[in-house]
Amino acid sequence: MSMKKLVQGFLFGTAKLMDWTSIFILAFITVQLGIVVILRYVFFTNVRWFEQSSTILFFYLVFIPAGLLSRSNKHLNVEVLLEYLQKREKRKALWILHLLLRLTEALFCALVLYLAWEYTVHLIEVNATFDFEFFGGRVPQWTTSVALILGFFFMLVHTVEALITSLMKKKI
């Protein structure tokens, strides 16, 4: 099996896994919040960790799909310039614009990934926790920052893939 097919298979597999993970997280949050409403308004009790875990899972629900959207190039575009160049049939300029956009995305994703990593390591080092308890213990704050790491890692991987593919399909 060639390296290209191996990498494409890995990227496709991770995209599918993250897609299913996002669906599972959404379903889990929906069930959790339904239970919270029933417990609060029918039984007049509150299970605080249900609400708090939904908040933490929401971070994953936002950032994992953001990483997946980068695979289909649906998260960043310069529409006015793109349309202008398409109308004028400036193929070389369109290709350069596409490369510059992907390079900008990759640099941004790499920067945020690095900062999220540093922030998470810091939270672990200082043992930062939220003010609420989850199953009898305080929840570490790094549980939400890991969502940033995952989301921006997948964005970076798919953006670099798009950049390399664009370079290989040189349309000049």
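This structure holds just 1 salt bridge, a term for a side-chain nitrogen of Lys or Arg within 4 Å of a carboxyl oxygen of Asp or Glu. Keep in mind that this is a predicted model, where local features need pLDDT of at least 70, side-chain atom pairs count only at pLDDT 80 or more, and totals for chains, interfaces and linings use all residues. Residues are numbered from 1 along each chain as its sequence is written, and side-chain values use heavy atoms, with hydrogens and water left out.

**The overall layout**

- The protein chain has 5 helices and 2 strands; helices (H or I, at least four residues) and strands (E, at least two) are DSSP runs, numbered from the N terminus.
- If you walk along the sequence, you meet them in the order α-α-α-α-β-β-α.
- Of the 172 residues in the protein chain, 32% are buried; buried means under 20% relative accessible area, exposed over 50%, and partly exposed in between (1.4 Å probe, protein chains only).
- The accessible surface of the protein chain is about 11400 Å², and carbon and sulfur atoms account for 70% of that; such areas come from the Shrake-Rupley method with a 1.4 Å probe, and for residues only the protein chains shown count as cover.
- Take the contacts between residues at least 6 apart in sequence: 71% of them join residues at least 24 apart, where contact means heavy atoms within 4.5 Å.

**Helix α4 and its salt bridge**

- Helix α4 covers residues 91-125, and its end C-alpha atoms are 51 Å apart, which agrees with the 51 Å that its 35 residues should span at 1.5 Å a residue; the expected span is 1.5 Å times one less than the number of residues.
- The salt bridge pairs Glu 105 with Arg 102, and their closest N and O atoms are 2.1 Å apart.
- Glu 105 and Arg 102 are separated by about one helical turn because they sit 3 residues apart in α4.
- An α-helix has 3.6 residues a turn, so residues three or four places apart point the same way.
- Glu 105 counts as buried, at 3% relative accessibility, and Arg 102 is buried too, at 3%.

**Two loop residues with positive phi**

- Most residues other than glycine have a negative phi.
- Asn 127 is not a glycine, yet its phi is positive, at about 55°.
- You'll find Asn 127 just after α4, in the loop that leads to β1 (129-134).
- Asn 127 counts as exposed because its relative accessibility is 60%.
- Phe 44 also has a positive phi without being a glycine, with a value near 50°.
- Phe 44 lies in the loop between α1 and α2 (48-69), and it is exposed, with a relative accessible area of 72%.

**Ser 145, tucked into the buried set**

- Ser 145 belongs to helix α5 (residues 142-168) and is buried, with a relative accessible area of 3%.
- Leaving out residues up to four places away in sequence, Ser 145 touches Tyr 119, Thr 120 and Leu 123.
- With Thr 120, the side chain of Ser 145 makes a polar contact of 2.8 Å (a pair of N or O atoms within 3.5 Å; within protein, one must be able to donate a hydrogen and the other to accept it, and residues adjacent in sequence count only if both atoms are side-chain atoms).

**A nonpolar patch at the surface**

- Met 3, Leu 6 and Val 7 make a nonpolar surface patch of about 300 Å²; patches are made of residues with over 30% relative accessible area and no salt bridge, with like charges joined within 9 Å and nonpolar side chains (Val, Leu, Ile, Met, Phe, Trp, Tyr) within 5 Å.
- Met 3 is in helix α1 (residues 3-41) and counts as exposed, at 60% relative accessibility.
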